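Colleague: Please take one loop of this model and look at it closely, and then follow the chain from there into the helix after it and on to the packing of the interior. I would like the reasoning spelled out wherever a classification rests on a threshold.

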Amino acid sequence: MRLSVSLAVWASAGLATTTTAFLNPSSLLSSSTTRSSRRSSLTMQAPAAAATAARVTATDRPTYNEDPEAMARGQMRPRPEGLNWERVRGDLASAFGLTEKELSKYDSVKKEDLLKAYTTMELSRQFENACNQAYMQGKIRGFMHLDNGQESIPALVADTIREGDIKHSYYREHTHALASGVSADKIMAELFAKVDGTCKGAGGSMHIYDTTKNFQGGWALVSEQLPYAVGAARSILLDRQLDPEGTKTDDRITIVFIGEGGAQNGRMAECLNAAAKEGLPILFLVIDNGRAINTFTPDVAQNSDVFKAGQHYGIPGVKVDGQNVADTLKTGRAVVDYVREKGPAILQVWCPPFFPPSLPFSLPPSLFPSLHSSAPI
C-alpha cells in the first residue's frame with residue numbers, strides 16, 4: 001500500500017524528468033557517524049565542486065564531457081549537456097532514417113508506463129542495497145558488481161524487451177535479470193550459493209541464468225558475451241529460414257549489454273561486422289558509466305562514444321542521458337522497434353555508477369577483520 005502511494009506521488013510530481021538520483025542510497029551508510037563525516041566532507045568540497053562546475057561548462061569542455069581534475073578527486077562525472085529528447089530525436093532522424101511520422105510515436109510516455117518504470121527502478125535499487133548489506137556482512141562471497149545509479153537501464157528492459165527476446169548480459173547483471181522477469185528469490189539464492197538459485201548456487205553474482213526467460217546470464221570475462229549474442233541473433237534468422245510459414249510473425253531480437261570500456265575490445269568490431277553483413281536482429285546496449293573496470297574510460301579509450309562505432313559498418317547508433325527516465329524509454333522504444341524491423345543498432349546509455357566496479361575493493365569486515373581499521377577504505 002505504501003509503495004502504491006509513493007508511486008502515485010512520484011508520478012504526479014513529474015516523474016518524466018526525474019533522475020535516478022531520487023532513489024536514496026543513504027541506507028548504505030551504516031552509522032550516523034558515517035553520515036556526519038560524509039556531510040562534513042561534502043561541505044568541505046563545495047567550493048571545489050563549484051569551481052569544477054564552472055570549468056566543465058566552459059567552451060573548452062573535453063569531447064567526452066569529462067573533467068580530468070574532478071575525476072582524479074573521485075567526484076561524480078558531470079552530467080552530459082545536450083542529450084535532451086530534442087537532440088536525441090534529431091539523431092534518430094539522421095542516423096536511423098526515421099520520419100517525422102515515425103518519431104511522433106515516441107514523443108510521450110504514458111503515466112502507467114512511468115509508474116512501471118519507477119517500480120522496476122525501485123526494485124532494482126532495493127535489491128542491490130540488500131546485496132551490498134549481505135556482502136558486507138560476509139553472507140555473499142566472491143566478486144559482486146552492483147548496478148546502483150544505472151536503474152534506467154532495467155527500466156528500459158522491462159519496458160521494451162519481451163520474454164522471447166534473447167538477452168546476453170555482462171557481469172553487472174542482477175537488475176537486468178530482474179527486469180527480464182527472473183525471480184528475485186532465485187537470484188538472491190544464487191548469490192548466497194544456495195541450491196535454489198538460478199544455477200543451483202554454482203554461478204554466483206556474475207552468472208545468473210534463466211532459460212525460461214531467455215536470459216543468458218552474466219559473463220565474467222570482459223566482452224565475452226558479444227560473440228555469443230551474435231550467434232543467438234543468427235539463430236533467430238536461421239529459425240525463420242527453416243520455417244518461413246511458422247515464423248511469419250516472429251520479431252524476436254537479441255540484446256547484448258556491454259560497458260563502454262569493454263566495447264573497446266576487438267570482439268566489438270568483429271561482432272559489428274558480422275551483425276551488419278548478415279542484417280542480424282541485435283541491439284548492442286552500451287552502458288556508459290565512465291569506468292573500464294578500475295580505470296576511467298577516457299584513460300584507455302581514444303573515443304568513448306561507442307554509438308558511433310557502427311558507422312563504418314552502416315549500423316546506426318544514438319546516445320541518451322540515462323538519468324532522464326522518460327527520454328531513455330522513448331529512445332529505447334525507437335531503437336528496439338528499428339532492430340525488430342530492420343536490423344542491428346547501438347544504443348549508448350550514459351549513467352553514473354554509485355559503487356566501484358567490484359565490491360571486493362571494500363572488503364567485508366566479517367571476512368577480513370585483520371585488514372580493517374577505524375579508517376574507511
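**From a loop to the interior**

Modeller: K200 has a relative accessible area of 62% and counts as exposed because that value is over 50%. The model is a predicted one, and the backbone at this position deserves a careful look, since K200 has a positive phi of about 60 degrees although it is not a glycine. Most residues other than glycine have a negative phi. K200 lies in the loop between α9 and α10, and A193 is found in that loop between α9 (184-191) and α10 as well. A193, too, has a positive phi of about 60 degrees without being a glycine, and at 52% relative accessibility A193 counts as exposed. As for cysteines, C199 is partly exposed, with a relative accessible area of 22%, whereas C271 is buried at 5%, and a search of the whole structure finds zero disulfides.

The loop leads to helix α10, residues 225-242, whose 18 residues reach 26 Å from the first C-alpha to the last, close to the 26 Å expected at 1.5 Å a residue. Its buried residues are Q225, L226, A229, V230, A232, A233, I236 and L237. Seen down the axis of α10, these buried residues fall within an arc of 160 degrees, so they line one face of the helix. An α-helix has 3.6 residues a turn, so residues three or four places apart point the same way. On the other side of α10, Q241 and L242 are exposed. The cover over the buried residues of α10 includes β1 (166-168), β2 (254-259), α11 (266-278) and β3 (282-288).

Two of those covering strands lead on to the nonpolar interior: β2 and β3, together with α4, α7 (152-160), β6 (317-321), α13 and β7 (345-350), each supply at least two residues of the largest nonpolar core. The largest share of this core, five residues, comes from α13. Of its 31 residues, L92, F96, F257, V335 and L347 touch the most other members. V335, for instance, touches L92, F96, L283, V318, A345 and L347, when residues up to four places away in sequence are not counted. A second, separate core of 21 residues includes A263, C271, A275 and V286, so that the buried cysteine mentioned above belongs to this second core because such a core is a set of buried nonpolar residues joined through side-chain atoms within 4.5 Å.

The aromatic rings complete the picture, as the structure holds four aromatic pairs. In one of them the rings of F96 and Y338 have their centres 5.0 Å apart and their planes at 90 degrees, so the pair is edge-to-face. This pair links distant parts of the chain, with F96 in helix α4 (residues 85-96) and Y338 in helix α13 (residues 325-341), 242 residues apart. F96 is buried at a relative accessible area of 5%, and Y338 is buried at 14%. Y170 and Y171 form a stacked pair, with 5.5 Å from centre to centre and 20 degrees between the planes, and both of these tyrosines are buried. Finally, ring pairs link Y209, W219 and Y228 into a cluster.

Methods. Residues numbered from 1 in each chain as written. Predicted model: local features only at pLDDT ≥ 70, side-chain atom pairs only at ≥ 80, totals over all residues. Heavy atoms only, no water. Helix = DSSP H or I, 4+ residues; strand = E, 2+ residues; numbered from the N terminus. Expected span 1.5 Å × (residues − 1). Buried < 20%, exposed > 50% of the residue type's maximum accessible area, 1.4 Å probe, protein only. Arc of directions from axis to C-beta. Contact = heavy atoms within 4.5 Å. Phe/Tyr/Trp six-rings, centres within 6.5 Å; stacked < 30°, edge-to-face > 60°. Disulfide = S-S within 2.5 Å.
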